[in-house]
Amino acid sequence: MTTPTEARKTALETRLAELDVRLHDIQDELVSHNSADWEELATEREEDEVLEGQGVQGQAEMAAIRAALARIEAGEYGNCVKCGDAISEERLDLLPHTPFCKACAT
């Protein structure tokens, strides 16, 4: 029988792999833009800004997931890194990579 922590670990690893693929796709898209037409170039630059924002968000989520996986390996997962209290199961179900309990997150 799988424990909730094992299930969350699997979900975190799956999400990490998905983000890795997405970030590589974003990088490939950013590199491919080099239109000679000024209007197309302006549109591409706007799209690049959106892609770069998505990339930054993806990298931040990947860092949070890696930290959560490290806490799982260290046996510290499910405890708030700020106050040490247990993080509720409901919160971990919604945000499995969260390092904070509800009180410390606000």
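Okay, let's start with Glu89 and Arg8: in this predicted model, their side chains meet in a salt bridge, with 2.7 Å from N to O. That pair ties together distant parts of the chain, since Glu89 sits in helix H3 and Arg8 in helix H1, which covers residues 4–32, and the two are 81 residues apart. Buried or exposed, what is Arg8? Arg8 counts as buried because its relative accessibility is 7%. Glu89 comes out at 43%, so Glu89 counts as partly exposed. And there's a third player here: Asp93 joins Arg8 and Glu89 in a network of salt bridges.

How many salt bridges are there in total? The count comes to 5. Let me show you two others.

Lys9 forms a salt bridge with Glu73, and the closest N and O atoms are 2.7 Å apart. Here again distant parts of the chain are linked: Lys9 is in helix H1, Glu73 is in helix H2, residues 38–74, and their positions lie 64 residues apart in the numbering. Glu73 has 57% relative accessibility, so Glu73 counts as exposed, while Lys9, at 26%, counts as partly exposed.

Next up, Glu18 and Arg15, whose side chains meet in a salt bridge at 3.7 Å, N to O. Both are in helix H1, and because they're 3 residues apart, about one helical turn separates them. Glu18 is partly exposed, with a relative accessible area of 43%, and Arg15 counts as partly exposed too, at 26%.

Now, back to helix H3, residues 89–94, where we also find Arg91. Which side chain of opposite charge is nearest to Arg91? That would be Glu90, but Glu90 is 9.8 Å away, and Arg91 is buried with no salt bridge. A salt bridge needs the nitrogen within 4 Å of a carboxyl oxygen. So what does Arg91 touch, if we skip neighbours within four places in sequence? Arg91 is in contact with Thr98, Phe100, Cys101, Lys102 and Ala105.

Last stop: His97, in the loop between H3 and helix H4, which is 102–105. His97 counts as partly exposed because its relative accessibility is 22%. Leaving out neighbours within four places in sequence again, the contacts of His97 are Leu12, Ala64, Ile65, Ala68 and Arg71. And have a look at Glu61 on your screens: Glu61 and His97 are 36 residues apart along the chain, with 8.4 Å between their C-alpha atoms.

How values were computed:
Residues are numbered from 1 along each chain as its sequence is written. This is a predicted model: local features need pLDDT of at least 70, side-chain atom pairs count only at pLDDT 80 or more; totals for chains, interfaces and linings use all residues. Side-chain values use heavy atoms; hydrogens and water are left out. Helices (H or I, at least four residues) and strands (E, at least two) are DSSP runs, numbered from the N terminus. Buried means under 20% relative accessible area, exposed over 50%, partly exposed in between (1.4 Å probe, protein chains only). Lys and Arg count as positive and Asp and Glu as negative; His and the chain ends are not counted. Contact means heavy atoms within 4.5 Å.
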